[in-house]
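This briefing introduces the pockets and the bound molecules of one structure to a reader who has not seen it before. Please look at the sequence and the 3D view first, and then follow the points below.

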Amino acid sequence: MLLKDKVVLVTGASGGIGKAAAIGAARHGADVAINYHSDEAGAADAVAQIEALGRRAIAVKGDVAQVETAQAFVDAAVEAFGKVDVFVNNAGICPFHAFLDMPPEVMERTMKVNLFGAYYMVQAAANQMVKQGHGGSIIAVSSISALVGGGMQTHYTPTKAGVHSLMQSTAIALGKHGIRCNSVLPGTIETAINKEDLADVAKREYMSGRIPLGRLGEPDDLAGPIVFLASDLANYVTGAALLVDGGAFVNLQ
Ligand SMILES: NC(=O)C1=CN([C@@H]2O[C@H](COP(=O)(O)OP(=O)(O)OC[C@H]3O[C@@H](n4cnc5c(N)ncnc54)[C@H](OP(=O)(O)O)[C@@H]3O)[C@@H](O)[C@H]2O)C=CC1
Ligand SMILES: C[C@H](O)[C@@H]1OC(=O)[C@H](O)[C@@H]1O
């Protein structure tokens with residue numbers, strides 16, 4: 001039990017990586033507040049799975065791109081559980097699109113959800129942790145795409161580099177409060193975000209062929225690294241970035 005009686009908040013936890021992280025935290029003894037945007041059934045299922053593990057859970061609907069969502073989420077978690085120990089910034093979108101004719105609204109929405117939303121959320125969670133006075137752990141779900149490009153992801157990769165950079169800067173800003181800030185950098189994990197993209201058999205074979213461990217990732221592959229960074233096992237880890245990509249990044253030849 002690495003997170004016994006901790007309160008963990010996860011954004012975008014109605015499916016995919018966020019849901020796996022939320023359930024993973026509960027498996028390690030945490031009570032969990034999840035944020036989601038539209039998938040009511042997914043959010044309800046996450047809550048049910050957490051409760052089945054004997055832990056408490058709430059689901060709070062909200063669009064992270066809107067600044068007021070952040071404080072409302074933190075307030076709801078504090079009202080339900082009394083505190084915030086761990087904050088996982090996970091909510092994100094990746095609407096694949098070519099560069100030369102990128103619609104401004106797609107670019108701007110991606111920036112607002114992935115980067116602005118992360119900023120507002122991390123700020124609200126950090127203020128709560130500072131107020132409590134006993135430190136905390138913040139983890140951002142960045143991406144291998146913070147380090148490498150994608151021709152159909154020119155609007156997305158800068159947001160992932162931005163989130164990674166945000167954790168480096170907040171690690172400095174919040175260190176004196178005992179708040180650790182780290183990012184995980186997933187490779188290609190099969191979720192709703194890339195269902196359509198990976199339906200292309202050639203693309204899927206190319207992506208899995210790049211991975212030394214021989215398979216695409218699953219959401220649960222992120223749960224362990226996130227729980228680790230959240231836990232006291234990572235007490236002296238801050239400003240770090242952990243690739244969780246089956247070795248894809250280092251695989252030049
Ligand atoms: N899958 C992958 O290969 C990789 C994913 N990542 C990152 O992991 C994170 C999670 O993605 P993944 O699990 O794959 O994708 P999913 O599409 O499975 O999950 C995305 C989650 O984010 C939520 N979400 C989307 N927009 C908003 C919003 N405006 N406000 C609040 N919540 C929102 C969704 O909620 P709802 O469904 O309720 O609308 C959902 O819970 C993203 O930040 C992504 O960039 C990073 C590297 C690789
Ligand atoms: C959505 C993509 O499949 C996924 O997201 C990322 O951050 C990586 O680029 C993955 O390929």
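A pocket, as the word is used here, is an open set of points on a 1 Å grid over the protein atoms alone, with protein on both sides within 12 Å along at least five of seven lines. The volume of such a pocket is the space filled by probe spheres set on the points. By this reckoning, about 1300 Å³ of space lies in the largest pocket. The model is predicted, and the points below take up its largest pocket, its two ligands and its second largest pocket in turn.

**The largest pocket**

- The lining of the largest pocket is made up of 50 residues, and those nearest its centre are Cys94, Tyr156, Thr191, Ile193 and Asn194.
- Two or more lining residues come from each of H1, E2, H4, helix H6 (195–198) and helix H7 (201–209).
- Sorted by class, the lining of the largest pocket holds 22 nonpolar, 21 polar and seven charged residues.
- Ligand 1 takes up space that belongs to the largest pocket, and the space taken by ligand 2 is likewise the largest pocket.

**Ligand 1 and its surroundings**

- Around ligand 1 there are 33 residues, of which Ser38, Asp39, Asn90, Tyr156 and Thr191 come nearest.
- Helix H1 (16–27), strand E2 (31–36) and helix H4 (104–132) are elements that each give at least two residues to the shell around ligand 1.
- That shell consists of 13 nonpolar, 16 polar and four charged residues.
- Oxygen atoms of ligand 1 are approached by the protein backbone at Gly12, where a backbone N or O atom lies 3.0 Å away, and at Asn90, where the corresponding distance is 2.7 Å.
- A side chain also takes part, since an N or O atom in the side chain of Lys160 is 2.9 Å from an oxygen atom of ligand 1.
- Ligand 1 would expose 890 Å² if it were taken alone, and the protein buries 91% of that area.

**Ligand 2 and its surroundings**

- The residues that surround ligand 2 are Cys94, Phe96, Ser143, Ser145, Gln153, Tyr156, Gly187, Thr188, Ile193 and Asn194.
- Four of the residues in this shell are nonpolar and six are polar, while no charged residue is found there.
- Side-chain N or O atoms lie 2.5 Å from an oxygen atom of ligand 2 in the case of Ser145, and 2.6 Å from an oxygen atom of ligand 2 in the case of Tyr156.
- Asn194 places a polar side-chain atom 3.1 Å from an oxygen atom of ligand 2.
- On its own, ligand 2 has 290 Å² of accessible area, and the protein covers 91% of it.

**The second largest pocket**

- The second largest pocket contains about 190 Å³ of space.
- Its lining is formed by Lys6, Asp85, Val86, His134, Gly135, Gly136, Ser137, Gly178, Arg180, Ala230, Asp232 and Asn235.
- In terms of class, two residues of that lining are nonpolar, six are polar and four are charged.

Methods: Residues are numbered from 1 along each chain as its sequence is written. Chains are lettered from A and ligands numbered from 1 in the order in which they are written. This is a predicted model: local features need pLDDT of at least 70, side-chain atom pairs count only at pLDDT 80 or more; totals for chains, interfaces and linings use all residues. Side-chain values use heavy atoms; hydrogens and water are left out. A residue is near a molecule or strand if one of its heavy atoms lies within 4 Å of it. A polar contact is a pair of N or O atoms within 3.5 Å; within protein, one must be able to donate a hydrogen and the other to accept it, and residues adjacent in sequence count only if both atoms are side-chain atoms. Accessible areas come from the Shrake-Rupley method with a 1.4 Å probe; for residues, only the protein chains shown count as cover. On a 1 Å grid over the protein atoms alone, a cavity is a set of points where a 1.4 Å probe fits but cannot get out, and a pocket is an open set with protein on both sides within 12 Å along at least five of seven lines; lining residues have an atom within 4 Å of a point. A molecule sits in a cavity or pocket if more than half of its atoms lie within 2 Å of its grid points. Helices (H or I, at least four residues) and strands (E, at least two) are DSSP runs, numbered from the N terminus. Ala, Val, Leu, Ile, Met, Phe, Trp, Tyr, Cys and Pro count as nonpolar, Asp, Glu, Lys and Arg as charged, and the others, Gly among them, as polar.
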